[in-house]
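User: Please take a close look at a single arginine in this model and at the part of the chain that surrounds it. I would like a connected account that then places this part within the rest of the fold.

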Amino acid sequence: MNDTAFNHANIWTAVDRLAQAHGLSTSGLARKAGLDPTSFNRSKRVANDGKPRWPSTESIARILAATNSTLSDFLSLVEDEKNNTPAQNLIPVIGYAQAGRDGFFDDAGYPIGDGWDHITAPFTDIHKDGIYALEVSGNSMEPLYRAGDRLIILPNAPLRRGDRVVVKTIKGEVMAKELLRQTATKIELKSLNPAHAVITLSLSDVTWMARIAWVSQ
C-alpha cells in the first residue's frame, strides 16, 4: 500500500465500509465498540475551524476488536476506497441446509465440490484460509444473526475463548456458537440465542470448527 491511501476521506470511508460489512450503522459500530454513538458522525469529521478531524488510533483499535477484524482487513477497505472500485474478489457461499450435507467440505472444513454460489467479499485479502460464507436461514441465531445474513468463515484461523465459531458434527449438524472452553477432549459452546442452553460436545463428535470473521448482509 502506498502513502496516497492514507488520506482523510479514505480512512473515514473505510470506517463506513467496516460498519456496512457487519450490518451496522456507523453509530451502531461505535456503540458496539463501547464508544460514544456520535464518534463517527459526519459532523465529527471536520473541526469547527474547517480542518479535517481524523479518527483516533484508539477508536480504530476498538472497532477492529469489536468486529473481530484485523488491521489488514481495515487497510484493505482503505485500498478499495483509494482505488475507487469495489472489491471484486468472489468467495463461495451456501446455505446452512446445504452445509450439513456431504460433498461440500473436506475433512478440515474447506469448501470443495459443486453447488456453491459466490458473493463479493467485503474486503480484498481473501486468498488464504479457504475463506467461504454460510447464509443464515431461520431464526435460531437471532437476535445476533438473522435470516439472509452471510457469515464469512476462516477455517484456518486460530481459535480463542469467546470467538464466534461454526461447528459441524459427524451427524451433519451445522451450528453457529460462541466458544466458551476447549480441552483436549471436549468443547463447550454458548448459543447466540439466549433461549438455548450451553452445550458440550466431545471432540470425537466434531468434524470441524472454524472462526466466524465477518457477517455481511
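Analyst: Arg45 has a relative accessibility of 6%, and because buried means under 20%, Arg45 counts as buried. The model is a predicted one, and what follows describes that prediction. Arg45 does not belong to a helix or a strand here: its place is the loop between helix H2 (26–32) and H3.

The polar groups of this side chain have partners in the model. One partner is acidic in name: the side chain of Arg45 makes a polar contact with the side chain of Asp16, at 2.8 Å. A backbone group also takes part, since a polar atom of the Arg45 side chain lies 2.8 Å from the backbone oxygen of Phe40. When neighbours within four places in sequence are set aside, the residues in contact with Arg45 are His8, Trp12, Asp16, Thr26, Phe40, Pro52 and Arg53.

Arg53, which appears in that list, deserves its own description. Arg53 also sits in the loop between H2 and H3. With a relative accessibility of 37%, Arg53 counts as partly exposed, whereas Arg45 is buried at 6%. Beyond its neighbours within four places in sequence, Arg53 touches His8, Trp12, Lys44, Arg45, Val46 and Ala47. His8 and Trp12 are thus among the contacts of Arg53, and they are also among the contacts of Arg45. Between Arg53 and Ser43, ten residues apart in sequence, the C-alpha distance is 9.7 Å.

The loop leads on to helix H3 (residues 57–66), whose buried residues are Ser59, Ile60, Ile63 and Leu64. These residues lie on the same side of H3, because the arc they cover around the axis is only 135°. The general background is that an α-helix has 3.6 residues a turn, so residues three or four places apart point the same way. Thr57 and Ala65 are exposed on the other side of H3. After H3 comes Asn68, with a positive phi near 55°.

Further along is Asp73, in helix H4 (residues 71–82). Asp73 is buried, with a relative accessible area of 10%. Its side chain reaches the backbone nitrogen of Thr70 at 3.0 Å. Two buried residues with polar side-chain contacts can therefore be set side by side: Arg45, at 6% relative accessibility, and Asp73, at 10%. For Arg45 the backbone atom concerned is the oxygen of Phe40, and for Asp73 the backbone atom is the nitrogen of Thr70.

As for the whole chain, the secondary structure comes to five helices and nine strands. In sequence order the pattern reads α-α-α-α-β-α-β-β-β-β-β-β-β-β. Of the 217 residues, 42% are buried. Among contacts with a separation of 6 or more, 61% join residues 24 or more positions apart. The accessible surface is about 11100 Å², and carbon and sulfur atoms contribute 48% of that area.

The strands offer a view of another enclosed part. Strand E4 (residues 150–154) has four of its five residues buried, so E4 is largely enclosed by the rest of the structure. E4 pairs with strand E3 (residues 132–135) in the antiparallel sense over four bridges, and Tyr132 stands opposite Ile153 in E4. E4 is also joined to strand E9 (residues 206–216) by five bridges, again antiparallel, with Val215 in E9 as the bridge partner of Leu151.

Leu134, in strand E3, counts as buried at 0% relative accessibility. The C-alpha atoms of Leu134 and Ile152 are 6.6 Å apart, with their positions 18 residues apart along the chain. Outside four places in sequence, the contacts of Leu134 include Val93, Ile94, Tyr96, Phe105, Leu151, Ile153, Val166 and Val174. Asp149 and Arg150 are also among the contacts of Leu134.

Finally, the confidence of the prediction should be kept in view. The chain has a mean pLDDT of 80, and 84% of its residues reach 70 or more. Confidence is lowest in strand E2 (residues 117–120), with a mean of 70, and highest in strand E8 (residues 199–202), at 94. The pLDDT falls below 50 over residues 81–88, a stretch that has 16 contacts in the model beyond near neighbours in sequence.

Methods:
Residues are numbered from 1 along each chain as its sequence is written. Side-chain values use heavy atoms; hydrogens and water are left out. pLDDT is the predictor's confidence in each residue, from 0 to 100. Helices (H or I, at least four residues) and strands (E, at least two) are DSSP runs, numbered from the N terminus. Contact means heavy atoms within 4.5 Å. Buried means under 20% relative accessible area, exposed over 50%, partly exposed in between (1.4 Å probe, protein chains only). Accessible areas come from the Shrake-Rupley method with a 1.4 Å probe; for residues, only the protein chains shown count as cover. A polar contact is a pair of N or O atoms within 3.5 Å; within protein, one must be able to donate a hydrogen and the other to accept it, and residues adjacent in sequence count only if both atoms are side-chain atoms. The arc is that of the directions from the helix axis to the C-beta atoms. Two strands pair if DSSP finds at least two bridges between them.
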